[in-house]
Amino acid sequence: AKFIKEVHSIDQSYVSVKLDMNTIQTLHLNINPQKVKHAIIYGVSATAKPAVLRALKDKHVLICERGNKLKIFAPEMKAEAKHKGIPTHQKIYFVLQALKKAAL
């Protein structure tokens, strides 16, 4: 990836992943945005996935128009007793942090 960053606006928050398509092509890697999306959602076989990645569905990972950038939106996490009383925007922040960490 060229970069992985958090994006926060008034109406949405997500993790943005920009693929370095020049490097991918130069190295003759068989990688495209659809394969990256599939790997994020379904993972690689024989590896354990963090809970935040297990909660991701197809609707949470979007490929942008240009095709070299993905937007990963926070999945709806199960409510836990220790998280009750935390405002939604703070929950989303922590979920995005976990997504970013899992993507690295």
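Q: Is His28 buried or exposed in this predicted model?
A: In this predicted model, the loop between helix H1 (21-26) and H2 is where His28 is found. The relative accessible area of His28 is 72%. The cut-off for an exposed residue is over 50%, so with 72% His28 is exposed.

Q: What is the phi of His28?
A: Most residues other than glycine have a negative phi. His28 has a positive value, although this residue is not glycine. Its phi is near 55 degrees.

Q: In what order do the elements of the chain run?
A: Happily, this one can be followed along the chain. The secondary structure comes to four helices and four strands. From the N terminus on, the order is β-β-α-α-α-β-β-α.

Q: Which strands stand at the edges of the sheet?
A: Four strands make up an open sheet, ordered E1-E2-E4-E3, with antiparallel pairing. A strand with a single partner stands at an edge, so one side of that strand is left without a neighbour in the sheet. The strands in that position are E1 (3-8) and E3 (61-63).

Q: By how many degrees are neighbouring strands of this sheet turned against each other on average?
A: The sheet in question is the open one in the order E1-E2-E4-E3. With direction ignored, the average turn between neighbouring strands is 25 degrees.

Q: Which residue in E4 does Tyr14 stand opposite?
A: Let's look at the pairing of E2 and E4, which is antiparallel and runs over five bridges. Tyr14 lies in strand E2. Its opposite number in E4 is Phe73.

Q: Which strands of the sheet does H2 touch?
A: Helix H2 packs on the sheet, and its direction makes about 175 degrees with that of E3. The strands that H2 touches are E3 and E4.

Q: How many residues apart in sequence are the parts tied together by the Tyr14 and Phe73 pair?
A: The structure holds two aromatic pairs. In one of them, Tyr14 and Phe73 are tilted, at 5.2 Å centre to centre and 50 degrees between the planes. Tyr14 is buried at 10% relative accessibility, and Phe73 is buried too, at 18%. Because Tyr14 is in strand E2 and Phe73 in strand E4, the pair ties together parts separated in sequence by 59 residues.

Q: What kind of aromatic pair do Tyr93 and Phe94 form?
A: Tyr93 is partly exposed, with a relative accessible area of 37%, whereas Phe94 is exposed at 51%. Their ring centres are 5.3 Å apart, with 75 degrees between the planes. An angle over 60 degrees sets the class, so at 75 degrees this pair is edge-to-face.

Q: Over the face of which residue does Lys5 lie?
A: Lys5 offers another contact with an aromatic ring, at 4.8 Å from the ring centre. The residue beneath is Phe3.

Q: Which residues touch the most other members of the largest nonpolar core?
A: In soluble globular proteins, nonpolar side chains tend to be buried together. The largest nonpolar core here has 17 residues, and the elements that each supply at least two of them include strand E2 (13-18), helix H2 (33-42) and helix H4 (88-103). Among the contacts of Ile40 beyond its neighbours within four places in sequence are Leu53, Leu56, Val61 and Ile72. The core members that touch the most others are Ile40, Leu56, Val61, Ile72 and Leu99.

Definitions and conventions
Residues numbered from 1 in each chain as written. Predicted model: local features only at pLDDT ≥ 70, side-chain atom pairs only at ≥ 80, totals over all residues. Heavy atoms only, no water. Core = buried A, V, L, I, M, F, W, Y, C linked by side-chain atoms within 4.5 Å. Buried < 20%, exposed > 50% of the residue type's maximum accessible area, 1.4 Å probe, protein only. Helix = DSSP H or I, 4+ residues; strand = E, 2+ residues; numbered from the N terminus. Contact = heavy atoms within 4.5 Å. Pairing = 2+ DSSP bridges. Axes fitted to C-alpha atoms, helices over the stretch in contact; angles between N-to-C directions. Phe/Tyr/Trp six-rings, centres within 6.5 Å; stacked < 30°, edge-to-face > 60°. Lys NZ or Arg CZ within 6 Å of the ring centre and 35° of its normal.
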